[in-house]
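Visitor: Please show me the model, and then let me put some questions about its strands, a helix and the core.

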Amino acid sequence: MVTNKKLFFYSSKQSQIFKHTQIDFIVTSRENGFSKKEFSSFNLAYHVSDNNKSVTKNREKIKNIFHANKPLIWLNQIHSDIIKTYPNKNPQAFCQTGDAIICKDKKVKAMIMIADCIPVCIFDSKKNIFALIHAGREGLFKNIIPKTLEKMSKNYRSNCEDLLVFIGPCIQKCCYEIQADILNKLQELFPESFKHFISQKNNKTYLDLPMLLKIQLIAQGISQHNIEELLICTKEETKLFSYRKSKKTGRFALIASLK
Ligand SMILES: [Zn+2]
């Protein structure tokens with residue numbers, strides 16, 4: 001028998017910040033699924049040319065274990081700054097294009113898929129809504145974080161002091177080498193702060209993507225004490241998928257639901 005522990009790489013039940021709140025979330029691992037070879041084995045993404053039947057079986061498995069019976073909503077992720085809200089006009093067939101989803105419906109669970117980008121969950125403990133964000137380099141360049149916070153504030157009157165943030169496993173500065181073009185772009189976009197998330201080692205330049213994310217969160221008024229970060233590098237952690245480790249690979253997920 002496969003226990004939840006083996007499918008869940010991490011859960012909000014383990015979190016000091018989140019365990020007594022009204023949100024549950026999990027980070028899935030790549031173990032104990034049905035996919036084969038490069039996608040072995042708990043791949044949750046259809047768009048990576050895995051066998052669709054295996055992905056469906058993996059999704060069914062997670063659907064039955066985490067908040068069973070609630071429908072799963074997800075996004076066609078394109079490294080954009082597009083933010084969707086749920087519920088919306090077409091809740092029955094929710095699979096829209098975007099990279100952040102703001103959800104206030106207890107009756108569903110939401111998912112974003114990851115293989116090196118940052119999975120982020122922002123929970124408003126007063127208004128009882130949450131956002132899941134697929135925050136890669138492109139999304140952070142396009143300010144998906146401030147834009148999501150702005151939408152939470154505008155649509156649901158969220159206040160930054162009530163927000164709790166989870167930063168899941170992603171590629172860390174140890175493994176995220178960048179070339180001159182990206183460095184130049186960072187200097188141009190973030191002239192004040194880029195030094196805090198750029199480092200040099202053996203004539204190579206490395207980007208600290210979660211540091212860039214944290215700087216953006218804190219600049220928006222979120223307290224450092226309300227941020228939980230898993231300092232785990234997807235490229236090095238064998239239980240997770242990593243695009244930089246292997247271009248042909250699956251996706252793990254951050255899945256959340258209101259209690
Ligand atoms: Zn690393």
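The questions and answers below go through the sheet, a helix, a covered strand and the core.

Guide: This is a predicted model, in which local features need pLDDT of at least 70 and side-chain atom pairs count only at pLDDT 80 or more, while totals for chains, interfaces and linings use all residues. Residues are numbered from 1 along each chain as its sequence is written.

Visitor: Which are the edge strands of the open sheet of six strands?

Guide: Strands here are DSSP runs (E, at least two residues), numbered from the N terminus, and two of them pair if DSSP finds at least two bridges between them. With mixed pairing, the order is β1-β2-β15-β7-β3-β5. The strands that pair on one side only are β1 (8-11) and β5 (95-97).

Visitor: Which residue stands opposite Trp74 in β7?

Guide: Strand β3 (residues 72-76) and strand β7 (residues 109-114) run parallel and are joined by three bridges. Across from Trp74, the residue in β7 is Met111.

Visitor: How far apart are the end C-alpha atoms of helix α2?

Guide: A helix is a DSSP run of H or I with at least four residues, and its expected span is 1.5 Å times one less than its number of residues. For the 14 residues of α2 (residues 52-65) this gives 20 Å, which agrees with the distance in the model, 20 Å.

Visitor: Which residues of α2 are exposed on the other side from the buried ones?

Guide: A residue is buried if 20 or more other C-beta atoms, placed from the backbone, lie within 10 Å of its own, exposed if 12 or fewer, and partly exposed in between. In α2, Val55, Asn58, Arg59 and Ile62 are buried. They cover an arc of only 95 degrees around the axis (taken from the directions from the helix axis to the C-beta atoms), which puts them on the same side of α2. On the other side, the exposed residues are Lys53, Thr56, Glu60 and Asn64.

Visitor: Which residue in β9 stands opposite Ala100?

Guide: Both faces of strand β6 (residues 100-103) are covered, with Ala100 and Ile102 buried on one side and Ile101 and Cys103 on the other. Four bridges join β6 to strand β9 (residues 129-135), and the two run antiparallel. Opposite Ala100 in β9 is Ile133.

Visitor: How many residues are in the largest nonpolar core?

Guide: A nonpolar core is a set of buried Ala, Val, Leu, Ile, Met, Phe, Trp, Tyr and Cys residues joined through C-beta atoms within 7 Å. Cys121, Phe130, Leu132, Val165 and Leu254 touch the most other members of the largest one, whose residues number 74.
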